[in-house]
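Reader: I have a model open and would like to go through it with you. Could you keep the cut-offs explicit as we go?

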Amino acid sequence: MTGGDADTAGAPAAAGIGLRAPHVQEVITTRPPIAWLEVHAENYLGGGPTLRDLDQVRRDYPVSLHGVGLSLGSADGLDARHLKRLATLVGRVEPALVSEHLSWSITGGVYLNHLLPMPYTEESLELVCRHIDHVQVALGRQILVENPSSYLRFRHSPIPEPEFLIEVAQQTGCGLLCDVNNIYVSAHNLGFDAVAYVDALPRESVHEIHVAGHARNDADGLTILIDDHGSRVSPEVWKLYAHALAHLGPVATLVEWDTAIPALDVLLAEACVADGLLYRALPGTPHAATA
């Protein structure tokens, strides 16, 4: 599938891939049949040749900007300079989607280079909503907020994560990016029901899905799943993805692969798997979901 019905937020309801540095020139030269591409916004804030390459890519494909540096959950507030640079990039690229993570990564003016989890409380809900309102005004558009992967449980975090995300969407008008691999990883590590999590998400709020590979690590005899984006999507995550499509309907889907990046053909093959499942979820197809 190289195209699809336009999603309400502007991206085609088809599979795309994360565009990383090793594949940029190959994509520009060969223009592979892929519906859309997603890049990390922070890689293009500095201008120069990389941004000119992105301009070329944008002429041929819808592009989504996926941020990792806004730190929406930071108690220190947003970095005004970072937000201004992001707004300039958004104005230049005119992306189909703009997304960020439900996490924090800045304290005391220092970037920690990690997407750190946050407790889900009334106080953090107010803070995140205030920051999202600020970002959406600065960018002049809706953003999507992605559920994180989790490895530890907070002692005090009384609001279940899906309820927290739904409340964020309702209070700010933002959309949701449902990372199915993150849900699978967190459900394994923390012991909750991944299917019930997916079923709690309202279909009208979810405008993008991420799938990716994960690693299995041993921690004193316990298997911990790590969201490392370094392998093919596991059969279990594809199964959960198919369930998500049955619940949410066809949604723009992104295959992420950020470590041990393979040949472009491998990524395109993963996107074909997603496209096949998306096709089965289209209304009127023999296997269309009725959920």
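Reader: Let me start with tyrosine 44: is it buried or exposed?
Author: Tyrosine 44 counts as buried, at 9% relative accessibility, where buried means under 20% relative accessible area, exposed means over 50%, and partly exposed is in between (1.4 Å probe, protein chains only). Before going further, this is a predicted model, in which local features need pLDDT of at least 70 and side-chain atom pairs count only at pLDDT 80 or more, while totals for chains, interfaces and linings use all residues. Residues are numbered from 1 along each chain as its sequence is written, and side-chain values use heavy atoms, with hydrogens and water left out.

Reader: Where does tyrosine 44 lie, and what is it in contact with?
Author: Tyrosine 44 is placed in the loop between strand S2 (37–40) and helix H2 (49–60), with helices (H or I, at least four residues) and strands (E, at least two) being DSSP runs numbered from the N terminus. Leaving aside neighbours within four places in sequence, tyrosine 44 is in contact with Val24, Val39, Thr50, Leu51, Leu54 and Leu89, contact meaning heavy atoms within 4.5 Å.

Reader: Stepping back, how many helices and strands does the protein chain have?
Author: The protein chain has 9 helices and 12 strands. Its radius of gyration is 18 Å, close to the 19 Å that the globule rule gives for 291 residues, so the chain is as compact as a globular protein of that length; the radius is taken over C-alpha atoms, and the rule is 2.2 Å times the number of residues to the power 0.38. Along the principal axes, the C-alpha atoms fill a box of roughly 50 × 45 × 40 Å.

Reader: And what percentage of the residues is buried?
Author: Buried residues account for 54% of the 291 residues in the protein chain. Among contacts between residues at least 6 apart in sequence, 77% join residues at least 24 apart.

Reader: Which residues touch the most other members of the largest nonpolar core?
Author: Those are Ile17, Val180, Ile209 and Tyr241, in a core of 79 residues. Helix H9 (residues 264–281) contributes the largest share of this core, 8 residues. A second, separate core has 10 residues, among them Leu144, Leu177, Ala252 and Leu254. A nonpolar core here is a set of buried Ala, Val, Leu, Ile, Met, Phe, Trp, Tyr and Cys residues joined through side-chain atoms within 4.5 Å.

Reader: What is isoleucine 209 in contact with?
Author: With neighbours within four places in sequence left aside, the contacts of isoleucine 209 include Leu177, Cys178, Val180, Tyr241 and Ala244. Leu254 is also one of the contacts of isoleucine 209.

Reader: Changing topic to H6: how many of its residues are buried?
Author: In H6, 10 of the 11 residues are buried, so the helix is largely enclosed by the rest of the structure. The cover over those buried residues includes S7, strand S8 (175–179), helix H7 (194–200), strand S9 (206–212), strand S11 (222–226) and helix H8 (235–248).

Reader: What about asparagine 181, which lies in helix H6: what does it touch?
Author: Asparagine 181 is buried, with a relative accessible area of 0%. Not counting residues up to four places away in sequence, asparagine 181 touches His210, Ala212, Gly213, His214, Asp227 and Val237.

Reader: And where is proline 148?
Author: Proline 148 lies in the loop between strand S7 (144–146) and helix H5 (161–172), and at 8% relative accessibility it counts as buried. Beyond residues up to four places away in sequence, proline 148 touches Leu102, Tyr120, Glu161, Asn182 and Ser186. Proline 148 and serine 186 are 38 residues apart in sequence and 8.2 Å apart in space, C-alpha to C-alpha.

Reader: I'd also like to check backbone angles: what is the phi of aspartate 220?
Author: The phi of aspartate 220 is near 55 degrees, a positive value in a residue other than glycine. Aspartate 220 lies in the loop between strand S10 (215–219) and S11, and it counts as exposed at 83% relative accessibility.

Reader: Then histidine 229, is that buried or exposed?
Author: Histidine 229 is buried, with a relative accessible area of 10%. Histidine 229 lies in the loop between S11 and H8 and has a positive phi of about 50 degrees, although it is not a glycine.
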